[in-house]
Amino acid sequence: MEDNATPVAPHAGEVPDAALLVGYANGDAKAGRQLVARLVPKLFGYAARALGDHGEAEDVVQETMLRLWKIAPDWRQGEAKVSTWAYRVTINLCTDRLRQRRTRPQVAIDSVAEPAADLASVVEHMTARQRSETLDAALSVLPDRQRQAVVMRHLEGFSNPEIAEIMDIGVEAVESLTARGKRALKKALHGKREELGFEDDR
Amino acid sequence: MTGNSRDDIALETLFAAGRSERPVPSGEFLERLAASADAGAARPAPAPAARPVLRLAWLGRAFAASGLSGAAALGVWIGFVMPETIDALTLEGDDTVALATFLPGTDLEAILNE
């Protein structure tokens, strides 16, 4: 089934991010505020989901924005999208933090038991918040690269070419990562039924 | 319907919930970053770095100036502490002074006798 995620695209008539960044470099504080309003919610959404901690997500996003302000005077329009650059920095910072933690359980997905009950009927009876929390818990056991690709594709709404640019890999590699990530998610969801508090309807 | 497609439906339902329940930054955090942007924009841009050639030219001038003044200072110091050495170097032997000019039509002797 194809997801219905919508790609991130600038609104018509909106000043491009790169133009705002150049304006900021020339002393336009309003342009800087506009960039904060545009980028921070997206970056924070990703970082909070990747790290599972809002405080750490704030640190990562703040560092990303500081780096953006720092390179603003040297930004060359047309070479890269500001949002792509910012996502790349945020993702790398998240990856660094996850590596430092080394506490995230990397479950061997293949060892998880095959489904014994209908997941769809379980999910159907959940509230929206329960579904979101369930998803976050399942995402947390994916390998880093798979989680990054799945979150960007199915939750952040990026297209595969955009993800390829952010992750600095080919489009086919992105497709492979998201496909394997989704398979692993399904297995993880079945394997974590009891841990996640699902009622067993077998 | 196969189990796999039922799983896909379940997963898509979770993704939809994830998109609608997206983590949002606090207003305080957004304002802090906006204030940081204000502060950065208010700071004057750093002056462009001097070109290396110009920096070297400045260095060369500094060396030349310090060499000239150093030599002058050394001469004054030698003349002050060892005047006899200067006499020995300058006044011994033939004290004849020779002048030459290469300007056409200049009578140097007439000028000196004036």
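**Notebook: chain A and its contact with chain B**

I began with the secondary structure of chain A in this predicted model, and I counted 9 helices and 0 strands. Reading from the N terminus on, I noted the elements as α-α-α-α-α-α-α-α-α.

Next I looked up burial and packing. Of the 202 residues in chain A, 50% are buried, and the accessible surface of the chain comes to about 10,000 Å², with 48% of it belonging to carbon and sulfur atoms. Among the contacts in chain A with a separation of 6 or more, I found that 68% are between residues 24 or more positions apart.

I then picked out A:S83, which lies in helix α4 (residues 82-101) of chain A. I recorded A:S83 as buried because its relative accessible area is 11%, which is under the 20% cut-off. Leaving aside residues up to four places away in sequence, I saw that A:S83 touches A:D17 and A:L39.

Turning to the interface, I noted that chain A and chain B bury about 3,500 Å² between them, 63% of it on carbon and sulfur atoms, and that the contact takes 47 residues from chain A and 32 residues from chain B.

For the polar side of this interface I listed 6 salt bridges between the two chains, including the one that B:D8 forms with A:K186, where the closest N and O atoms are 2.6 Å apart. I also found 9 residue pairs in polar contact across the interface, both residues of each being at pLDDT 80 or more. On the side of chain A that touches chain B, the largest share, 11 residues, comes from α2(A), and I divided the residues of that side into 24 nonpolar, 11 polar and 12 charged.

Definitions and conventions:
Residues are numbered from 1 along each chain as its sequence is written. Chains are lettered from A and ligands numbered from 1 in the order in which they are written. This is a predicted model: local features need pLDDT of at least 70, side-chain atom pairs count only at pLDDT 80 or more; totals for chains, interfaces and linings use all residues. Side-chain values use heavy atoms; hydrogens and water are left out. Helices (H or I, at least four residues) and strands (E, at least two) are DSSP runs, numbered from the N terminus. Buried means under 20% relative accessible area, exposed over 50%, partly exposed in between (1.4 Å probe, protein chains only). Contact means heavy atoms within 4.5 Å. Accessible areas come from the Shrake-Rupley method with a 1.4 Å probe; for residues, only the protein chains shown count as cover. Buried area is the accessible area (1.4 Å probe) that two parts lose on being put together, summed over both. A salt bridge is a side-chain nitrogen of Lys or Arg within 4 Å of a carboxyl oxygen of Asp or Glu. A polar contact is a pair of N or O atoms within 3.5 Å; within protein, one must be able to donate a hydrogen and the other to accept it, and residues adjacent in sequence count only if both atoms are side-chain atoms. Ala, Val, Leu, Ile, Met, Phe, Trp, Tyr, Cys and Pro count as nonpolar, Asp, Glu, Lys and Arg as charged, and the others, Gly among them, as polar.
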